[in-house]
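The following exercises are to be worked from the sequence and the coordinates. Each task sentence is followed by a stepwise solution.

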Amino acid sequence: MDFSALNKSSAKSFNDQKATIKKLMQGRAVTCPICKQNIRLFLPQQSANPGARCDKGCTDIALDFA
Ligand SMILES: [Zn+2]
């Protein structure tokens with residue numbers, strides 16, 4: 001799948017995205033602010049496209065700062 005066209009992250013929300021990833025890594029549940037579904041964490045060992053995404057794809061955070 002190609003997620004590159006989805007949800008380009010803005011610098012403004014970068015800290016929010018970082019906080020979301022941190023919560024997910026701590027095992028806490030985070031819901032997508034748009035579709036209210038749980039955001040799932042994909043680790044580099046599990047996915048060729050690691051990051052945090054909801055099922056609908058409106059939240060799509062690349063895991064590029066870990
Ligand atoms: Zn969503």
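**Exercise 1: the metal site**

The four donor atoms around the zinc ion subtend angles of 106 to 115 degrees, which makes the arrangement tetrahedral. The model in which this site occurs is predicted.

Task. Identify which residues coordinate the zinc ion, and how the donor residues are spaced in sequence.

Solution.
1. The ligands of the zinc ion are Cys32, Cys35, Cys54 and Cys58, each through SG, at 2.2 to 2.3 Å.
2. Read along the sequence, these donor residues follow the pattern C-x2-C-x18-C-x3-C.
3. The geometry is assigned from the angles: four donors count as tetrahedral if all angles lie between 85 and 135 degrees, and the angles at the zinc ion run from 106 to 115 degrees. For reference, the ideal angle for four tetrahedral donors is 109.5 degrees.
4. Burial is judged against the cut-off of under 20% relative accessible area. Cys32, at 1%, is therefore buried, and Cys35 is buried at 15%.

**Exercise 2: secondary structure**

Task. State how many helices and strands the chain has, and in what order the elements run.

Solution.
1. The chain contains one helix and three strands.
2. Starting at the N terminus, their order is α-β-β-β.
3. As to burial, 32% of the 66 residues of the chain count as buried.

**Exercise 3: salt bridges**

Task. Determine how many salt bridges there are, and characterise each pair by its distance and by the accessibility of its residues.

Solution.
1. The criterion is a side-chain nitrogen of Lys or Arg within 4 Å of a carboxyl oxygen of Asp or Glu. Two salt bridges result from this rule.
2. One of them joins Arg40 to Asp55, with 2.9 Å between the closest N and O atoms. This pair links distant parts of the chain, 15 residues apart: Arg40 belongs to strand E1 (residues 40-42), and Asp55 to the loop between strand E2 (51-53) and strand E3 (60-62).
3. Arg40 has a relative accessible area of 46% and is therefore partly exposed, whereas Asp55 is exposed at 55%.
4. Another salt bridge is formed by the side chains of Arg53 and Asp60, at 3.8 Å from N to O.
5. Here Asp60 is buried at 11% relative accessibility, and Arg53 is buried at 6%.

**Exercise 4: the surroundings of Arg53**

Task. Establish where Arg53 lies, which ring its charged end sits over, and which backbone oxygen its side chain reaches.

Solution.
1. Arg53 is located in strand E2.
2. The ring in question is that of Phe42: the charged end of Arg53 sits over this ring, 4.6 Å from its centre.
3. The side chain of Arg53 also reaches the backbone oxygen of Asn49, at 3.0 Å.
4. These contacts are to be read together with the salt bridge between Arg53 and Asp60.
5. A separate search for aromatic pairs gives zero in this structure.

**Exercise 5: a backbone angle**

Task. Give the sign of phi at Lys36, and decide whether Lys36 is buried or exposed.

Solution.
1. Most residues other than glycine have a negative phi.
2. At Lys36, a residue other than glycine, phi is positive, near 65 degrees.
3. Lys36 lies in the loop between helix H1 (14-25) and E1.
4. Its relative accessible area is 60%, so Lys36 counts as exposed.

Technical notes. Residues numbered from 1 in each chain as written. Predicted model: local features only at pLDDT ≥ 70, side-chain atom pairs only at ≥ 80, totals over all residues. Heavy atoms only, no water. Donors = N, O, S within 2.8 Å, 3.2 Å for Na, K, Ca; no water. Tetrahedral: all angles 85-135°; square planar, octahedral: opposite > 155°, others 65-115°. Buried < 20%, exposed > 50% of the residue type's maximum accessible area, 1.4 Å probe, protein only. Helix = DSSP H or I, 4+ residues; strand = E, 2+ residues; numbered from the N terminus. Phe/Tyr/Trp six-rings, centres within 6.5 Å; stacked < 30°, edge-to-face > 60°. Lys NZ or Arg CZ within 6 Å of the ring centre and 35° of its normal. Polar contact = N/O pair within 3.5 Å; in protein donor to acceptor, adjacent residues only side chain to side chain.
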